[in-house]
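Ready for some practice in reading a protein model? Look over the chain below, then work through the exercises at your own pace.

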Amino acid sequence: MTTRTQIYREVLREYEQLRAQEEADLRERKETLYQMVPRLRQIEQELSLTGVESAKAVLLDPAQAQEHLLALQEKGKVLHAERNTLLQSVGASEQMLKPYYRCNQCKDTGYVDQEMCACMKKRIMERLYDQSNVKELVKTENFNTFRFDYYSDQRREGQELSPRENMQQNYKKALDFTRQIEEGASLLLWGPTGLGKTFLCNAIAKEVLEQGKVVLYFTSGQLCRLFEAYRFGAKDEDVPKEDPMEDLLDADLLIIDDLGTEFSTVLTASELFRVINERALRKKSVVLSTNLGADKLVNQYSDRFLSRVRGTYEVMAFYGEDIRIRKKYEK
Ligand SMILES: [Zn+2]
């Protein structure tokens, strides 16, 4: 896991390495060609000399500068023509004497006129996605693919809204939420499984990632394993080398899906509280999803956990029939 600044630095370094590689490739290409046709090396030297001479001409003899420059231009043309003929004779082209850039806009510097190039923005975005844990799912589960018709439009007794109307409201709340990350808003998605909580978590993740923000997505099971692996150093490849806590506290948005389904221990419950509490203090956004009722949350975690969530989170209720069954029949 990494912060946005680290990602930015790493991407800048990638670009530097890329340019160094491209320059090395160019030198190699030139060397091969110059071995085949030694005259090409001389031409390059003569061409760079004409450049120096042009500058000199203007400085030393301004009165005659125009005349000198024209002569030098003519010389340049002749040299270029000779070079082209030589290159063609060995099946090469002038293009081979220039660096091959992956992006011609920024020439692989990442910047155009001090503005970040689109290619670099894209690369940073890829890195943000890579570390968020959501890469694959958001392709199919996002705000654009949400289906309200999976939810019943029949209101049951005691319900103020039909499940569909309720989901429309949740959808809007979730979308609004993605625009309040900087203010540190937090959400609790609450209700039985199979009603689209995870789907909405993914939709939120994608929307916030697209803003260029750091999002970390975990099921509560993954998160607890992370805590334990770090603390007890299980012999596992997933063991984080550095304390994951700082990243968990620092990400712009932390999503913990399916709270309560994990096997929690005293350690994981207290680490989880630390994350929730500390993020609330730092005014950092969290999305929690759970199907546990209030009493069970208190049981599994603690009442201070619940009161922290109650005090800071907007609650979004999910109800209706399990939509996974309807989805399955449609496939
Ligand atoms: Zn570029």
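Three exercises with worked solutions follow. This is a predicted model, in which local features need pLDDT of at least 70 and side-chain atom pairs count only at pLDDT 80 or more, while totals for chains, interfaces and linings use all residues. Residues are numbered from 1 along each chain as its sequence is written.

**Exercise 1.** Find out how spread out the chain is.

*Solution.* Start with the parts: the chain has 13 helices and 7 strands, which are DSSP runs (H or I, at least four residues; E, at least two) numbered from the N terminus. Next, take the radius of gyration over C-alpha atoms and the globule rule, 2.2 Å times the number of residues to the power 0.38. The radius is 30 Å, well over the 20 Å that the rule gives for 331 residues, so the chain is more spread out than a compact globule.

**Exercise 2.** Decide whether the residues of E6 are buried or exposed.

*Solution.* Recall the cut-offs: with 20 or more other C-beta atoms (placed from the backbone) within 10 Å of its own, a residue is buried; with 12 or fewer, exposed; in between, partly exposed. In E6, 6 of its 6 residues are buried. Ser 285, Val 287 and Ser 289 point one way, and Val 286, Leu 288 and Thr 290 the other way.

**Exercise 3.** Name the strands that pair with E6.

*Solution.* Pairing takes at least two DSSP bridges between two strands. E3 runs parallel to E6 over 4 bridges, with Leu 189 bridged to Ser 289. E5 is also parallel to E6, through 5 bridges, and Leu 259 partners Thr 290.
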